[in-house]
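Colleague: I would be grateful for a close look at a single part of this model, followed by whatever surrounding detail helps to place it.

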Amino acid sequence: MPLPPSAISLQELGLQVAYRDEENTEVRDTFRQVVGCAFVPTEDVAASFQEARANIPNSMRPFTKYFAETYVLGKRAQGGRRAVPPRYPPDQWNQYEAVLSDDPRTNNTMEAWHNRFQTMVGKSHPALYTLIGEFFG
């Protein structure tokens, strides 16, 4: 999923360096808890996220605010405005059911097919007759 222009990247917050620091387990553990929300039942995502967010380091507050608004909780109502639901609600990205039913969690098989086909044809955007030649030639 591409990040919207207002997205806060881990690199911009300096969290990539903190995550790679072997001594700094706080950032790594918090990030893993947030990512782990993808593997709890959809109806438990909000509670799981709130639990992960309860003890976050200050450096991760902008990241978890962005994650909450974009993927879990949405934006709260302020003044006379209505609440805004998350841009990508948990039912779109949650993997709990996929894990239980042993379904693929990514579209990597489609990407692999496309890459093999592109290699076979030898072009990114082949002409129609090139494709027909490859199929029936």
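**Helix 8 and its surroundings**

Modeller: Leu128 lies in helix 8, which covers residues 128-136. Please bear in mind that the model is predicted. Leu128 has a relative accessible area of 56% and is therefore classed as exposed, since the cut-off for that class is over 50%. Leu128 also belongs to a nonpolar patch on the surface, together with Tyr129, Ile132, Phe135 and Phe136. The accessible area of these residues together comes to about 670 Å².

Turning to the preceding helix, helix 7 is made up of 14 residues, 108-121. From its first C-alpha to its last, helix 7 reaches 20 Å, close to the 20 Å expected at 1.5 Å a residue. Just after helix 7 comes Gly122, whose phi is positive, at about 85°.

A contrasting environment is offered by Asn94, which is situated in the loop between helix 5 (90-93) and helix 6 (96-100). Asn94 counts as buried because its relative accessibility is 13%, and the limit for that class is under 20%. The side chain of Asn94 reaches two backbone oxygens: that of Cys37 at 3.4 Å and that of Ala38 at 3.5 Å. Leaving aside neighbours within four places in sequence, the residues in contact with Asn94 include Cys37 and Ala38 themselves, as well as Phe39, Val40, Pro41, Thr42 and Val45. In summary, Leu128 is an exposed residue within a nonpolar surface patch, whereas Asn94 is a buried loop residue whose side chain reaches the backbone of Cys37 and of Ala38.

How values were computed: Residues numbered from 1 in each chain as written. Predicted model: local features only at pLDDT ≥ 70, side-chain atom pairs only at ≥ 80, totals over all residues. Heavy atoms only, no water. Patch = residues over 30% accessible without salt bridge, like charges linked within 9 Å, V, L, I, M, F, W, Y side chains within 5 Å. Areas by Shrake-Rupley, 256 points an atom, 1.4 Å probe, with all protein chains shown as cover. Salt bridge = Lys/Arg side-chain N within 4 Å of Asp/Glu carboxyl O. Helix = DSSP H or I, 4+ residues; strand = E, 2+ residues; numbered from the N terminus. Buried < 20%, exposed > 50% of the residue type's maximum accessible area, 1.4 Å probe, protein only. Polar contact = N/O pair within 3.5 Å; in protein donor to acceptor, adjacent residues only side chain to side chain. Contact = heavy atoms within 4.5 Å. Expected span 1.5 Å × (residues − 1).
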